[in-house]
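Q: Can we walk through this one together? I'd like to go through its contacts and burial.

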Amino acid sequence: MSRVSLLVCAATGPELAGLLPDFSPPLTADAKSGGDGTAAVSAAANWPEMRLWPVRLKAGDALCCITGIGPINAALAMGRVLSRAEAEGTAVSAVLNAGLAGAFDLEARPLLSHCLVREEIWPEYGLHDGQSVTAGAFGFPQWQPPQGEAVRDRLTLSGVEALAPFGGRCAKDALADCRSLTVAGVSASFARAADLRSRYQADLENMEGFAVAYACARQGIPCVEVRSVSNKVGPRAREEKDFPGALRALAQVLPALNLI
């Protein structure tokens with residue numbers, strides 16, 4: 001009889017090491033994730049992507065993986081690891097996707113704060129008129145579920161209640177609800193950042209969220225996404241970014257969700 005499991009995924013080794021400070025893959029068991037974190041981040045940068053590893057959480061065994069950076073890697077990784085988990089008798093019944101993200105407004109979403117993504121947007125799908133992309137003007141949706149509306153450029157994500165079978169819960173004010181958009185190219189100009197924020201009323205920008213959520217939706221698996229704010233979207237001053245701090249802040253995510 002197949003068992004069910006929670007899958008914890010992150011885009012990079014350092015993000016996974018930040019989430020799971022006491023974890024290291026079996027093949028790199030000598031690379032411990034303790035201490036001040038500096039050595040752990042360095043070692044985790046070499047952890048292989050798209051592998052499925054067991055990890056122990058408070059409520060029992062779970063699985064974890066590194067997807068790789070960007071929507072294509074994330075989609076490919078999810079297809080591989082979800083299929084492998086099912087083939088090995090531990091089908092994934094919920095996914096927690098966590099990592100770093102940029103915020104369009106650091107006053108609303110400060111550096112190192114934690115955000116619960118309730119909607120993911122892919123602003124690059126649809127009909128491009130030379131200035132912007134309109135998903136509804138394109139004749140082909142990405143997917144038509146058996147029930148409900150066709151999926152074009154938006155997906156609704158699950159809340160923390162999807163983690164309840166694994167003991168997941170959190171205080172009401174522990175995570176700020178937000179809307180995020182997924183890009184293949186990080187916004188590097190004021191004009192692009194302002195345009196995306198205006199068109200989609202997004203709070204965050206990331207590179208994997210929509211792909212992970214879409215893979216889950218196609219399999220009927222709830223997807224929960226939590227982001228630690230690492231930078232301002234677009235050009236930023238030195239005080240408008242803190243990637244090391246945001247990686248360290250990821251260590252607070254699983255305790256806040258009562259998973260470790």
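**Salt bridges, a helix and some cysteines**

A: Asp105 and Arg197 form a salt bridge, with the closest N and O atoms 3.5 Å apart. A salt bridge here is a side-chain nitrogen of Lys or Arg within 4 Å of a carboxyl oxygen of Asp or Glu. This is a predicted model: local features need pLDDT of at least 70, side-chain atom pairs count only at pLDDT 80 or more, and totals for chains, interfaces and linings use all residues. Residues are numbered from 1 along each chain as its sequence is written, and side-chain values use heavy atoms, with hydrogens and water left out.

Q: Where do Asp105 and Arg197 sit in the chain?
A: Asp105 is in the loop between strand E4 (90–103) and E5, while Arg197 is in helix H4. The two are 92 residues apart, so the pair links distant parts of the chain. Helices (H or I, at least four residues) and strands (E, at least two) are DSSP runs, numbered from the N terminus.Q: Is Asp105 buried or exposed, and what about Arg197?
A: Asp105 is partly exposed, with a relative accessible area of 24%. Arg197 is partly exposed too, at 38%. The cut-offs: buried means under 20% relative accessible area, exposed over 50%, partly exposed in between (1.4 Å probe, protein chains only).

Q: How many salt bridges does a search of the whole structure find?
A: Eleven. One of them pairs Arg227 with Glu208, at 4.0 Å from N to O. Arg227 lies in strand E11 and Glu208 in the loop between E10 and helix H5 (209–219), so this pair ties together parts that are 19 residues apart in sequence. Arg227 and Glu208 are both buried.

Q: And which residue does Glu240 pair with?
A: Lys232, with the closest N and O atoms 3.7 Å apart. Glu240 is partly exposed at 21%, and Lys232 is partly exposed at 23%. Elsewhere, salt bridges that share partners join Glu119, Arg154 and Arg179 into one network.

Q: Back to H4. Which of its residues are buried?
A: H4 covers residues 190–200, and its buried residues are Ala193, Leu196 and Tyr200.

Q: Why are they on the same side of H4?
A: Because they cover an arc of only 70 degrees around the axis. The arc is that of the directions from the helix axis to the C-beta atoms.

Q: What covers them?
A: The cover includes strands E5 (114–121), E7 (133–134), E8 (154–156), E9 (176–182) and E10 (204–206). The face of H4 turned away from the buried side carries exposed Phe190, Ala191 and Ser198. Just after H4, Gln201 takes a positive phi of about 50 degrees.

Q: New topic. How many disulfides does the structure hold?
A: Zero. A disulfide is a pair of cysteine sulfur atoms within 2.5 Å. For Cys65, the nearest cysteine sulfur is that of Cys9, 5.1 Å away. Cys65 is buried, at 0% relative accessibility.

Q: Why is there no bond for Cys223?
A: The closest cysteine sulfur, in Cys216, is 4.2 Å from that of Cys223, too far for a bond. Cys223 is buried as well, at 5%.

Q: Last one. Where does Asn231 lie?
A: In strand E11, which spans residues 223–232. Asn231 is buried, at 9% relative accessibility.

Q: What is Asn231 in contact with?
A: Leaving aside neighbours within four places in sequence, its contacts include Ala101, Leu106, Arg236, Glu240 and Phe243. Contact means heavy atoms within 4.5 Å.
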